Amino acid sequence: MPKITFIQPSGETQEVDATTGVTIMEAAVDAMVPGIEADCGGNCICATCHVYVEKEWLSKLPDPEGDEEAMIDYTADPQDNSRLTCQLQITDELDGIVLHVPESQY
Amino acid sequence: MAEEQTETTVIVGAGHAGGMLATTLAQKKYPGRVLIVGDEPYLPYQRPPLSKDYLAGDIDLDKLYLKPQETYDKAGIDLTLDTRVEKIDRDSKSLKLANGADLAYDKLVLATGIQMRVLKAPGSDLNGIHYLRTISDVQKLRPELIEGHKLVIVGGGYIGLEVAAIAVKRGVDVTVLEAMDRVMERVTGPDVSAYFEKRHRDAGVDLRTGAKVAGFEDNGSGHVSAVTTESGEKFEATTVLVSIGIMPETALAEAAGLDCDDGIVVDEFTRTSDPDIFAIGDCTRHKNLFYSDAKRLEAVSNAVDQARATASVLCGEDKAYDAVPWFWSNQYDIRMQMVGLSDGHDDSVMRGLPDDDSFAIFYLKNGVVISVDAVNDPKSFMAGKKLVAARATPDKNQLSDTSVDLKTLT
Ligand SMILES: Cc1cc2nc3c(=O)[nH]c(=O)nc-3n(C[C@H](O)[C@H](O)[C@H](O)COP(=O)(O)OP(=O)(O)OC[C@H]3O[C@@H](n4cnc5c(N)ncnc54)[C@H](O)[C@@H]3O)c2cc1C
Ligand code: FES
C-alpha cells in the first residue's frame with residue numbers, strides 16, 4: 001500500500017494509506033485531509049484538489065496536460081510544482097510521495 | 001459531576017450536502033454527535049455522474065460515494081439509510097422515522113434536496129417512462145439504452161441533453177422535445193444553446209424546440225409506444241425520459257411550520273426560522289452574501305458551500321455563505337463550465353468561436369462581469385471565477401481578444 005504524506009500550511013502532517021488504481025484526490029478525500037476539497041468529484045472542473053508536489057517527486061509524475069495544465073495556471077497561487085490531485089493516479093512508484101496543501105483552494 | 005452531554009446534530013437527507021456537512025464537522029473536530037438519516041439505500045453520493053460517466057457505464061458505483069463507509073465509521077458519524085423521516089416535532093425536538101423510531105435532536109439540518117417535477121398528461125403513468133434523480137433510476141434507465149431502442153427525452157435541460165449524448169453514442173435512436181424555443185434556456189444564453197443544439201443534431205439527435213408534449217400512447221400492454229405533441233406530431237418511443245425540472249423537497253419543513261417560499265427559507269448562516277434548525281443544498285431558498293436577493297439553486301457548489309457555512313456555525317465560527325456558485329455539464333467531448341448567475345445581464349461578450357469548439361461568453365451587468373459560460377475553455381472559467389468574485393469591470397475588447405491573457409484582467 002503506497003503511503004502519501006500531506007503537509008498542511010501549518011506544518012501539520014498526515015500520512016494516508018492509499019490503494020493503487022485510485023487518484024491521490026480520492027485517497028485524500030476518503031481520509032478527510034483538510035484542504036483537499038475536490039468539490040467537482042474529480043472531474044477536473046473545480047481545481048479545489050490543488051497541491052504542491054515536493055520537488056524530488058515531480059519527475060515520477062507524468063506532466064500535466066490539457067485541462068489540468070490550463071486550470072492550474074489560474075489557481076489562487078500556482079507554482080512550478082502545482083498539480084491537481086484528481087488527475088494523478090496512485091502507483092507503487094509514488095509510495096512515500098510528499099504533497100503540500102495550499103493555504104486556500106479559492 | 002458527570003460531564004455535560006454533548007449536543008446531537010441530526011442531518012435529514014444523506015445526499016451531497018448532508019454527507020459533506022457530516023464529514024466537514026468531523027474535520028473540524030465538532031464535539032457533538034452527528035447522525036444522518038436518509039431515505040435512499042446508498043451512502044451519500046454525487047449525482048452529477050448519474051447523467052454522465054455512471055450512466056455511460058464508465059465508472060463503478062463505488063466511485064459515486066462521497067466517502068466509503070469506513071470514513072464515517074472512523075469519524076463516528078452514525079448513518080441510518082433507507083429510512084425516511086416522516087415528521088419533525090419542534091416542541092419535543094425529535095423526529096419520527098418511517099420505521100417507527102423517534103430520534104431526538106439538539107440541532108437539526110434539513111438537506112432533503114429535490115423532488116422531480118412530474119409530467120401530468122394522458123398516459124403519463126405508463127411503463128417505460130423514466131425520471132432521473134437517483135442511482136436506482138440509472139439502474140432502471142441504463143439497460144434501456146441499447147441499439148435499436150427509441151428514446152424520447154422530454155426536456156432539453158442539461159440533464160436531458162447529457163443523457164441524449166450518451167444514448168446516441170450507444171446507438172439509440174434519440175429524440176429530444178424541448179418546450180421552450182431553445183435548449184438549456186434556464187441555465188445559459190442563446191449562443192451556448194445554439195452551439196449545443198448544433199452538436200446534438202450533428203451527432204444524430206432529433207432535437208425539437210417549441211415542442212410541447214400532449215400525451216403518451218400505450219402499446220396495448222401498458223407500456224409507452226409514442227409521445228404526442230400539442231402540434232399533433234407523434235414520436236415513437238420504447239423508452240421515455242422526463243426531465244422537466246424539479247421542485248425543492250420542503251414537505252417536512254412546511255409541515256413543521258418553518259418559513260418556506262419555493263424552498264426552505266434560510267439566512268446566510270443557513271438558519272431557518274427556527275434557530276435550532278438549519279437547511280442546506282437544493283431544498284433551500286437562501287441568502288448568499290454575494291447577492292442582494294434570495295436564491296434557489298440546484299448545484300453541487302451551492303450544496304457544499306452551504307454545508308461549510310453550517311459546519312462553521314455549529315463549530316462556533318459563524319462563517320457566512322458568500323461564495324459565487326459554479327456549475328458544469330459534459331456532453332460528448334464538450335466540457336462546459338459555468339460560474340456566477342447570468343440573470344439580469346444587460347450585455348455579453350464572446351471570446352473565441354463556437355466553430356472552433358472552444359469559446360466563452362462573459363455576461364455583464366452595468367459593466368460588471370456577473371457570469372461566464374465556458375465551453376471547452378477552462379482558462380476562461382478559472383479567470384471568470386476571479387472576475388465575478390471581484391465584481392471586475394474589464395474592458396470588453398480585451399475580454400473578447402484571445403491574444404490578451406485573461407490573467408492580466410483579474
Ligand atoms: C442527474 C443529475 C445530474 C446533475 N449534474 C450536476 C452537475 O453536473 N453539476 C452540479 O453542480 N450539479 C448537478 N446536479 C445537481 C446536484 O446533484 C445537486 O445540486 C446536489 O445533489 C444537491 O445536494 P443536496 O444534498 O441538496 O440534495 P441531494 O443530493 O438530492 O440529497 C437529498 C437527499 O435527501 C433525501 N430525502 C429527502 N427527503 C427525505 C426525508 N424526509 N427523509 C430522509 N431522506 C430524505 C433524498 O432522497 C436525497 O437522498 C445534478 C443532479 C442530477 C439529479
Ligand atoms: S476534484 Fe475538482 S478539479 Fe480535481
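Within helix α5 of chain B, the buried residues (under 20% relative accessible area, 1.4 Å probe, protein chains only) are Tyr158(B), Gly160(B), Leu161(B), Glu162(B), Val163(B), Ala164(B), Ala165(B), Ile166(B), Ala167(B) and Val168(B). This is a predicted model, in which local features need pLDDT of at least 70, side-chain atom pairs count only at pLDDT 80 or more, and totals for chains, interfaces and linings use all residues. Residues are numbered from 1 along each chain as its sequence is written, chains are lettered from A and ligands numbered from 1 in the order in which they are written, and side-chain values use heavy atoms, without hydrogens and water.

Because ten of its twelve residues are buried, α5(B) is largely enclosed by the rest of the structure. The helix (a DSSP run of H or I, at least four residues) covers residues 158–169, and its end C-alpha atoms lie 17 Å apart, in agreement with the 16 Å expected at 1.5 Å a residue, taken times one less than the number of residues. Just after α5(B), Gly171(B) adopts a positive phi of about 90 degrees.

The helix also leads to ligand 1: α1 (16–27), α5, α8 (300–314) and β21 (326–331) of chain B each contribute at least two residues to its shell. In total, 34 residues surround the ligand, each with a heavy atom within 4 Å of it; the closest are Ala17(B), Asp39(B), Glu40(B), Lys52(B) and Asp282(B).

Tyr158(B) of the helix has a side-chain N or O atom 3.3 Å from a nitrogen atom of ligand 1. An oxygen atom of the ligand is 2.5 Å from a side-chain N or O atom of Glu40(B).

Definitions and conventions
Buried < 20%, exposed > 50% of the residue type's maximum accessible area, 1.4 Å probe, protein only. Polar contact = N/O pair within 3.5 Å; in protein donor to acceptor, adjacent residues only side chain to side chain.
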